[in-house]
Amino acid sequence: MPGEITGEQGNSECRVNLTPEVKTEYSARRPDAKCGREIYDKYITVKNITIVAVILIIVLISVIISLAVRHPPSHSPASRSVACPDSWIGYRGKCFYMSKDERNWSLSLTTCSSFNASLAVIDSQEELEFWRIFFQHIHYWFGLSKEDNIWKWSNGTNFKNQFSMRAEGFCAYVDEKGASSTICAVEKHFFCSRPESCRKSR
């Protein structure tokens with residue numbers, strides 16, 4: 001009969017018309033219970049799928065932002081180098097190792113020596129600035145110590161005042177403010193350096 005939804009036509013219209021407006025229109029026209037129920041179920045299903053899709057997009061964006069913040073920018077001059085041992089970082093022709101544990105300055109020096117390296121040598125204010133930002137709030141010993149009131153590198157050469165030293169201690173470390181010093185017995189993290197040309201450890 002005209003205006004009556006039955007058989008295949010009814011099922012087709014139930015499948016196509018999923019909007020709330022159509023649902024309301026069908027409710028006003030009092031279609032058969034099966035068709036009305038089918039429209040309602042499909043409307044709820046589409047709504048649920050939309051909510052799930054929005055949640056997944058939000059989670060994906062959060063993960064991308066988290067990874068972008070966690071990893072250093074791709075233009076960072078520090079990188080893993082094929083000329084450096086595993087877990088060392090290559091930077092400006094040198095390989096650097098960052099300790100996970102804390103030791104006093106002397107034990108830090110000994111540990112670096114066991115890696116065929118020295119406590120890190122910092123060649124310029126620019127390099128110091130890089131490590132200052134890289135380490136953020138963690139203090140790392142590096143290879144300067146004071147002998148007879150003169151700053152010297154761990155290889156015995158004199159410090160040439162490439163950057164300013166703060167405080168009045170005898171052993172140097174890097175923190176978020178730059179190069180500082182304290183008593184050598186304090187335990188801190190440390191970092192070692194060696195030329196990038198050294199043969200890679202196996």
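**Surface residues and nonpolar cores**

Ser 113 counts as partly exposed because its relative accessible area is 45%, where partly exposed lies between buried (under 20%) and exposed (over 50%), with a 1.4 Å probe and protein chains only. This is a predicted model, in which local features need pLDDT of at least 70 and side-chain atom pairs count only at pLDDT 80 or more, while totals for chains, interfaces and linings use all residues. Residues are numbered from 1 along each chain as its sequence is written, and side-chain values use heavy atoms, leaving out hydrogens and water.

Ser 113 belongs to helix H4 (residues 105-114); helices are DSSP runs (H or I) of at least four residues and strands (E) of at least two, numbered from the N terminus. Although Ser 113 and Arg 194 are 81 residues apart along the chain, their C-alpha atoms are separated by 9.9 Å.

Turning to the interior, the largest nonpolar core contains 22 residues. Such a core is a set of buried Ala, Val, Leu, Ile, Met, Phe, Trp, Tyr and Cys residues joined through side-chain atoms within 4.5 Å. Among the residues with the most contacts inside this core are Ile 122, Trp 131 and Phe 191. At least two core residues come from each of strands E1 (89-91), E2 (94-98), E4 (140-147), E5 (150-153) and E6 (171-175) and helix H5 (125-135). H5 gives the largest share, 4 residues.

Beyond its neighbours within four places in sequence, Ile 122 is in contact (heavy atoms within 4.5 Å) with residues including Leu 128, Trp 153 and Val 174. Another core, of 13 residues, lies apart and includes Cys 84 and Cys 171.
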